[in-house]
Amino acid sequence: MTPRYRPVKGTRDFFPPETERWAAAEAVCREIFRARGFGEIRTPILEHTELFARSVGETTDIVHKEMYTFPDRRGRSLTLRPENTAGVVRAVIEKGIATGPMPLRLYYFGPQFRYERPQAGRYREFRQIGAELFGVAGPAAEAELLEMLFAFLKSLGFVNLSVSVNSVGTAATRAAFSEALRRHLEPAAAEFSEEDQRRLTENPLRLFESKDPAVASRLADAPKTRDFLDEDSRRHHSEVRRLLADAGIPCEEDPALVRGLDYYTRTVFEVVSKDLGAQDAILGGGRYDNLVESLGGPPLPAIGFAIGEDRLLQVAPFLLPARGLVLVLPQGPEQLQDALLLAGEVRRAAPGSSVEVDLLARGFKKGLSRAGLLYEEAAARGYDRDRMFAVLLGADEKAAGAVTWKNLATGDQETFPRSELPRRFGAGRET
Ligand code: HAM
């Protein structure tokens with residue numbers, strides 16, 4: 001059957017077992033973030049368009065050509081958020097906590113939207129896990145945030161990742177660097193596409209996002225941000241490097257890293273996984289010491305990161321903890337009600353197992369053949385073969401106060417008193 005409706009291009013549906021992996025990674029993440037005093041914030045997916053133009057930057061690719069922007073019924077321009085930092089900053093100012101006790105530590109999970117060309121690891125709806133730390137100007141903020149990030153990556157089984165870092169300095173650094181870049185690239189401008197010529201005029205830093213090899217080769221010997229750093233930013237950066245080294249966080253200097261958003265000051269960072277194929281980052285972040293003030297709040301230093309959850313799960317080596325599976329099979333509709341009660345007893349006896357009743361009460365033969373299929377499927381998903389059973393409840397069992405179980409791995413079958421369920425499943429867990 002050809003489906004009548006298809007998902008919107010660049011969006012995806014998720015089913016088990018994939019959703020189980022997402023949930024497990026998110027549970028680990030929440031625990032790690034909470035253990036460092038970060039609390040969850042949830043902000044709307046819809047924001048006023050101007051928020052992103054003012055924060056991410058009018059001339060960035062994101063704002064210029066990747067936003068889902070539309071007028072609402074009264075003609076106000078709204079946008080599906082392309083990232084979450086701007087919304088978090090808006091909310092923090094709105095709630096009045098930007099002038100409250102510091103540091104303020106927040107994290108979020110959620111969908112983001114960018115009108116990009118869909119390809120492996122790049123979607124139009126994708127999800128981010130992010131964290132933002134407000135109120136700390138010193139390098140201890142970088143140290144705390146990156147330690148937390150690496151604790152999470154490690155818990156997902158990553159061993160060989162390292163973070164690329166750079167400093168983009170202050171607004172003055174950016175202005176001087178942009179100007180130098182413009183001067184360096186202008187003689188070659190005629191070779192550039194119309195898009196890159198626009199970048200060159202409006203915001204030369206954005207040329208780092210160009211895919212054109214002619215631009216890339218020109219950028220290779222271009223001036224670097226570090227040539228324009230002020231003394232304080234330079235000192236800040238070497239302190240950051242020292243703290244990261246002390247914390248054992250693998251880190252490489254990348255003088256060409258500028259990131260695709262305009263709000264960054266000083267430290268910027270990215271983590272790229274070789275397993276993603278293209279040069280795509282699993283996560284990115286940095287310091288944004290002027291953003292709160294420029295969105296109408298008090299002067300407040302801040303730093304954060306966002307992990308692309310879709311990409312992260314594509315390459316994360318972690319496996320789900322093995323679970324058990326028990327199928328309770330009533331012989332016919334007469335046993336169905338009791339089968340539901342029995343399922344409750346089995347859940348108590350086998351905590352952590354997935355316990356399902358054959359609600360269609362198809363009888364033992366069909367029930368067991370479905371159990372066989374589920375067994376193969378569950379085993380392929382990493383379920384624990386030694387903890388997969390069918391529990392049969394027929395008229396004979398009911399009359400005798402007994403149940404029959406069948407070990408789905410070995411095919412062994414045994415009838416025993418129902419009161420022995422806890423002991424049996426307890427024993428099942430030990431094997
Ligand atoms: P970003 O680098 O634009 O930063 O996005 C962070 C991550 O989101 C990327 O490294 C990537 O893994 C993922 N991502 C971005 N676009 C897509 C896409 N089309 N499909 C799949 N994944 C994608 C930010 O968004 C900043 N708000 C990070 C930040 C937080 N900086 C400070 N605080």
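Start by selecting the ligand in this predicted model, then show its surroundings: 27 residues surround the ligand, and the closest are E83, E116, E132, Y264 and A281.

Now colour that shell by class. You should find 12 nonpolar, eight polar and seven charged residues around the ligand.

Next, zoom in on a few individual atoms. Select Y264 and look at its side chain: one of its polar atoms lies 2.7 Å from a nitrogen atom of the ligand. Then move to Y123, where a backbone N or O atom is 2.8 Å from a nitrogen atom of the ligand. Finish with L283, which has a polar backbone atom 3.4 Å from an oxygen atom of the ligand.

How much of the ligand does the protein bury? Taken alone, the ligand exposes 660 Å², and the protein buries 96% of that.

Switch to the cartoon view and pick out β6 (125–134), β10 (281–287) and β11 (302–308), the elements that give two or more residues to the shell around the ligand. Which of them gives the most? That is β10, with six residues.

Time to leave the ligand and visit the protein's cores. In soluble globular proteins, nonpolar side chains tend to be buried together. Here, the largest nonpolar core has 42 residues, and F33, V163, F269, F305 and I307 have the most contacts inside it. Highlight helix α5 (residues 140–155) too, as this helix gives the most to that core, with nine residues.

Now click on V163 and show its contacts. Leaving aside residues up to four places away in sequence, V163 touches several residues, including L146, F150, I249 and F269.

For your last stop, select I41, A53, L104 and Y288: they are among the 30 residues of another core, which lies apart from the largest one.

Terms used:
Residues numbered from 1 in each chain as written. Predicted model: local features only at pLDDT ≥ 70, side-chain atom pairs only at ≥ 80, totals over all residues. Heavy atoms only, no water. Core = buried A, V, L, I, M, F, W, Y, C linked by side-chain atoms within 4.5 Å. Buried < 20%, exposed > 50% of the residue type's maximum accessible area, 1.4 Å probe, protein only. Helix = DSSP H or I, 4+ residues; strand = E, 2+ residues; numbered from the N terminus. Contact = heavy atoms within 4.5 Å. Near = heavy atom within 4 Å. Polar contact = N/O pair within 3.5 Å; in protein donor to acceptor, adjacent residues only side chain to side chain. Areas by Shrake-Rupley, 256 points an atom, 1.4 Å probe, with all protein chains shown as cover. Nonpolar A, V, L, I, M, F, W, Y, C, P; charged D, E, K, R; others polar.
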